[in-house]
Amino acid sequence: MSKIKKITCIGAGYVGGPTMSVIAQKNPDIDITVVDLNQARIAAWNDENLENLPVYEPGLDAVVREARGRNLFFSTDVNKAIAEADMIFISVNTPTKTYGKGKGQAADLKYIELCARQIAEVATSDKIVVEKSTLPVRTAEALKSILDHTGNGVNFHILSNPEFLAEGTAITDLHNPDRVLIGGESAEAIEALVQVYEAWVPRERILTTNLWSSELSKLVANAFLAQRVSSINAISELCEVTGANVEEVSKAIGQDSRIGSKFLKASVGFGGSCFQKDILNLVYIARSYNLREVADYWEQVILLNDHQKTRFAEKIIQTMYNTVNGKHVGFLGWAFKKDTNDTRESAAIYVADHLLAEEANVVVYDPKVTAEQIYKDLDYLGTRSPEDNRRLVRVVNDPYEALSGAHAAAVLTEWDEFKTYDWTRIKEDMKRPSFVFDGRKLLNRLELETLGFAYYAIGE
Ligand code: UDX
Ligand code: ADP
């Protein structure tokens, strides 16, 4: 197989956009077109002002500035881009099904299938089709079947190349990955993709496996990471009742090189588009093979995470004398973690929902998330009418405004800037007693208590 000259990526989201930007940056001789049906999204990727890129990632603007217009293009012309490419990445969303069989657990493969059908219809030359989206095991088989049965007699090779980047550090993760994983059946197709990554990734970090191992490894990597967070969160509750301090416990166990120190930070609960979805997928697959114990084991990671979010909201209510009705709770942060504007499955959404059910007035400040997104997240839950969400929730652009007159402050995201605020000023503007509920163990207990705050942190 000759060297890849043209790549198309279908889906210009959190995965497709940054990944293709870096591949283009490192392979100036390969033309890369990222396509999406969403015109507004493509317009934003093409915006002269790099602050308007649809994805906020530190360092992404510099990569786009270097490659865009040179060998990196964003377009809505999906068919043209498919027709021209030697290699097509599928990087569309695979949300959890909200209907029918596997509702709430299985991945909805509707978008993937539509892509496959479109590729089959348009392609008039051989293509390597790369699964970039996280998919259930054996999706490649379905893809291959659709491509081969509906295509124009051209050859399709399917590769699985799961993405391990984490949001907020996507560019450093892409520049310096722990490993790149490529699964496939055709040695030639695998080698073609290896060459793309070899432009900057040392060969020994590029692992090649069979298709199913690659697909499953992605789910398992996320399940293990999420399991660590749920494990330490379970311990955080035990710490609160026993007087142990979860940060000290994390440090003590993390220094054991067999355990390691990463992903042991207790929090209000993990969020993001991957952890919950991937575990649900794993559970669904296990159940569909009748592996009940395996399914139950992994499901517990999610149940504990749900418990942690509820527990945090309950703690706020209990501490504030068992009623938050009409009380002003200022939220610092809405994103599922710092340095991203992504809010998918963010703990903040569920904590807010719980407090709103008790008629609290929530005022939100997040450095990167828009008011529109916050209302969309709440409306999507369907717990109450959009009018009620707007009646109870206000979104502001200034953290001091979020906390002015507040009965309580709640830290939902670990944005660094929250640490640098003038907490003396905040204390003066808040109601008394002035409660701070730190869902990220971000702030300094001693400093806040000295200022007169009633400070509660997860795991202490
Ligand atoms: C994750 C995986 O890390 C990445 O490899 C995969 O490709 C996609 O899913 P991401 O969802 O971007 O990445 O974020 P991650 O940093 O893994 O954090 C996930 C959630 O866990 C966040 O809500 C974060 O706040 C939480 N978390 C993480 C903790 O609460 N404690 C920790 O110690 C680590
Ligand atoms: P991820 O986090 O996996 O990147 P996103 O939702 O951020 O997920 O991005 C997926 C993108 O894929 C969306 O912008 C969506 O419009 C796009 N998309 C979905 N289906 C198609 C399709 N058939 N053709 C082109 N783009 C698509």
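This dialogue walks through a predicted model, feature by feature.

Visitor: I would like to begin with the strands; which strands does β10 pair with, and over how many bridges?

Guide: Strand β10 has a partner in strand β9, residues 328–332, and these two pair in the parallel sense over five bridges. Strand β10 is also joined to strand β11, residues 393–395, by three bridges, and those strands run parallel as well.

Visitor: Which residues stand opposite each other in these pairings?

Guide: On the β9 side, L332 stands opposite Y365 in β10. On the β11 side, V363 of β10 stands opposite R394. When you follow such a strand by eye, it helps to remember that in a regular strand the side chains alternate between the two faces of the sheet.

Visitor: Why can β10 be called largely enclosed by the rest of the structure?

Guide: A residue counts as buried when its relative accessible area is under 20%. Strand β10 covers residues 361–365, and four of these five residues are buried, so the strand is largely enclosed by the rest of the structure.

Visitor: What do β9 and β10 form together with helix α13?

Guide: Strand β9, helix α13 (residues 347–357) and strand β10 make a β-α-β unit, and the unit is right-handed. Another right-handed β-α-β unit is made by strand β13, helix α18 (residues 445–451) and strand β14. In that second unit, β13 spans residues 435–438 and β14 spans residues 454–457, and the two strands pair in the parallel sense over four bridges. To find the register of this pairing, look for V436, whose bridge partner in β14 is Y455.

Visitor: Let us turn to the ligands; which residues come nearest to ligand 2, and how many residues are around it?

Guide: The surroundings of ligand 2 comprise 15 residues, of which Y14, V15, D36, R41 and R344 come nearest. Sorted by class, this shell holds seven nonpolar, five polar and three charged residues.

Visitor: Which atoms of V15, R41 and R344 lie at short range from an oxygen atom of ligand 2?

Guide: For V15 the atom belongs to the backbone, where an N or O atom lies 2.9 Å from an oxygen atom of ligand 2. For R41 a polar side-chain atom lies 2.6 Å from an oxygen atom of the ligand, and for R344 a polar side-chain atom lies 3.0 Å from an oxygen atom of the ligand. Ligand 2 taken alone exposes 580 Å², and the protein buries 88% of that area.

Visitor: How many residues surround ligand 1, and which are the closest?

Guide: Ligand 1 is surrounded by 20 residues, and the closest are F164, E167, S267, K337 and R440. This shell divides into 11 nonpolar, three polar and six charged residues. Helix α9, residues 211–242, supplies the largest share of the shell, namely four residues.

Visitor: Which polar atoms of L165, K265 and K337 does ligand 1 approach?

Guide: An oxygen atom of ligand 1 is 2.9 Å from a polar backbone atom of L165, while a nitrogen atom of the ligand is 2.8 Å from a polar backbone atom of K265. With K337 the side chain is involved, since an N or O atom there is 2.7 Å from an oxygen atom of ligand 1. On its own ligand 1 has 670 Å² of accessible area, and the protein covers 90% of it.

Visitor: I would also like to examine the backbone; where is the peptide bond cis?

Guide: The peptide bond from R432 to P433 is cis, with omega near -10°. P433 belongs to the loop between α17 (423–429) and β13.

Visitor: What is the phi of Y321 and of N322, and are these residues buried or exposed?

Guide: Phi is near 60° for Y321, a positive value in a residue other than glycine. For N322 phi is near 65°, again a positive value in a residue other than glycine. Y321 lies in the loop between α12 (292–319) and β9, and N322 is found in the loop between α12 and β9. Relative accessibility over 50% counts as exposed. Y321, at 55%, is therefore exposed, and N322, at 58%, is therefore exposed.

Terms used
Residues are numbered from 1 along each chain as its sequence is written. Chains are lettered from A and ligands numbered from 1 in the order in which they are written. This is a predicted model: local features need pLDDT of at least 70, side-chain atom pairs count only at pLDDT 80 or more; totals for chains, interfaces and linings use all residues. Side-chain values use heavy atoms; hydrogens and water are left out. Buried means under 20% relative accessible area, exposed over 50%, partly exposed in between (1.4 Å probe, protein chains only). Two strands pair if DSSP finds at least two bridges between them. A crossover is right-handed if, with the strands pointing away from the viewer, the path from the first strand over the helix to the second runs clockwise. A residue is near a molecule or strand if one of its heavy atoms lies within 4 Å of it. A polar contact is a pair of N or O atoms within 3.5 Å; within protein, one must be able to donate a hydrogen and the other to accept it, and residues adjacent in sequence count only if both atoms are side-chain atoms. Accessible areas come from the Shrake-Rupley method with a 1.4 Å probe; for residues, only the protein chains shown count as cover. Ala, Val, Leu, Ile, Met, Phe, Trp, Tyr, Cys and Pro count as nonpolar, Asp, Glu, Lys and Arg as charged, and the others, Gly among them, as polar.
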